[in-house]
Amino acid sequence: MIDLRSDTLTRPSDAMRAAMARAEVGDDVYGEDPTVAALEERVASTFGHEAAMFTPTGSMANVLAVASVVAPGEEVLCESSAHIARAELGAHGAITGLTMRTWTHPRGQVDLAAIETMYAPDMGPFFVRTAAVSVENTHNFAGGTVLPIDDLRALRAWADETGTKVHLDGARVWNAHVATGTPLADYGRIADVLAVCLSKGLGAPIGSLMVGSADAIATARVRRKRMGGGMRQVGVLAAAGAYALDHHVERLAEDHAHARLLGEALGLDPAAVDTNIVVVERPDAVSFVERAAAEGVRIAAVGPRAVRLVTHLDISREDAERAAAVLSRLAAP
């Protein structure tokens, strides 16, 4: 079975497992796990921020990150199909008490004109105040699209003028970096706070990090513990993340090439496939997924009329070519 449902399906390689087995560990709730501390320092430095904090999931990293810049009763603006709006089960409102408004863009891009129109300054005890704008790079449900760095810089400039914070959901920012050559520090500079994931394209079995100022991270550590995210000898997991950063970033280009192959097989312009995710409109999405599975290719429906395919390090070129042949045949009129 060729499984293209998500890049979270990867399994640790033997070399990654060996790195996990030899990791030096301590109690991270006490701040005594040296492997976690080294990973946090490395990731914070990579993105040009003061500090970082390891979390078990990307959703937790996002909730903690957004909560650090949006107080209860304030709002965050984001694109309507953003992960924080559509795939985190309402956690931001349910747990932190913030509100959310959205703009819509077919490729999940920054629409600064819409943001400027939606923006609500502090107008006293009558209206919800816009505290932050959240952007997602790459944008999952828009098909792994990259947000151009110039658009992000324009957003940063506007945010500085208005005193608005910027949150970057960078779960797959590594893919954006490899696809465009934009330094990771440049992405870090546009955000007050961000979340990055190690368990998607990079292939670690678990783990994300919130990145931001030292004060924001200190406050988030308290919230993480309150949410049940305080972990003990977690260095065995941090070691997997460190291994992934050492060995699995540049190879993401292979996943991008495989995704373009799959997109072309399904009738897309391969140039429109930015990274490792392909989203295709299908009026028969559910049955198409079922027929593909019967032919040995697992894909996912992400709506009644859309299917998603995601390449990852456990998908070889041969796998991609075989899946492309199956899907092309199934999609033929």
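Among contacts in the protein chain between residues at least 6 apart in sequence, what percentage join residues at least 24 apart? In this predicted model, the share is 75%, and that figure is a useful starting point for a walk through the chain, which begins with the whole and then turns to single strands and residues.

The secondary structure of the protein chain consists of 14 helices together with 12 strands. Its radius of gyration is 20 Å, close to the 20 Å that the globule rule gives for 333 residues, and the chain is therefore as compact as a globular protein of that length. Laid along its principal axes, the C-alpha trace extends over about 60 × 50 × 35 Å. Of the 333 residues, 54% are buried, while the accessible surface of the chain amounts to about 13,800 Å², with carbon and sulfur atoms contributing 52% of that area. As for charge, the chain carries 31 positive and 42 negative side chains, and 5 Å separates the centres of these two sets.

From the whole chain we can move to a pair of strands, beginning with β2, which covers residues 51-55. Because 5 of the 5 residues of this strand are buried, β2 is largely enclosed by the rest of the structure. In a regular strand the side chains alternate between the two faces of the sheet. In β2, Ala51, Met53 and Thr55 point one way, whereas Ala52 and Phe54 point the other way, and all of them are buried.

Which strand pairs with β2 over 5 bridges? The partner is β8, formed by residues 208-212, and the two strands run in the antiparallel sense. One of the bridges can be located by its residues, since Thr55 has Ser208 of β8 as its bridge partner.

Strand β8 is itself mostly covered, with 5 of its 5 residues buried. Ser208, Met210 and Gly212 lie on one side of β8 and Leu209 and Val211 on the other, and with all of these residues buried, both faces of the strand are covered. β8 also pairs with strand β7, residues 193-197, again in the antiparallel sense, and this pairing comprises 4 bridges. Here Leu194 has Val211 of β8 as its bridge partner.

A helix offers another view of how parts of the chain that are separated in sequence come together. Ala19 belongs to helix α1, which spans residues 14-21. Is Ala19 buried or exposed? Its relative accessible area is 11%, under the 20% cut-off, so Ala19 counts as buried. When neighbours within four places in sequence are left aside, Ala19 is in contact with Ala239 and Tyr243. Val236 stands 217 residues away from Ala19 in sequence, yet their C-alpha atoms are 8.1 Å apart in space.

The loops deserve a look of their own. Asp111 sits in the loop between β4 (99-103) and α6 (112-118), and with a relative accessible area of 25% this residue is partly exposed. Its C-alpha atom is separated by 9.8 Å from that of Cys78, a residue 33 positions apart from Asp111 along the chain.

Leu89 lies in another loop, the one between α4 (83-86) and α5 (91-96). At 87% relative accessibility, Leu89 counts as exposed, because exposed means over 50%. The backbone of Leu89 has a phi near 55 degrees, which is a positive value in a residue other than glycine. Along the chain Leu89 and Ser59 are 30 residues apart, and their C-alpha atoms are separated by 9.4 Å.

A last backbone feature involves Asn137 and Thr138, which are joined by a cis peptide bond with an omega of about 5 degrees. Thr138 is placed in the loop between β5 (130-136) and α7 (149-162).

Conventions:
Residues numbered from 1 in each chain as written. Predicted model: local features only at pLDDT ≥ 70, side-chain atom pairs only at ≥ 80, totals over all residues. Heavy atoms only, no water. Rg over C-alpha atoms; globule rule 2.2 N^0.38 Å. Buried < 20%, exposed > 50% of the residue type's maximum accessible area, 1.4 Å probe, protein only. Contact = heavy atoms within 4.5 Å. Areas by Shrake-Rupley, 256 points an atom, 1.4 Å probe, with all protein chains shown as cover. Lys, Arg positive; Asp, Glu negative; His and termini not counted. Charge placed at Lys NZ, Arg CZ, Asp CG, Glu CD. Pairing = 2+ DSSP bridges.
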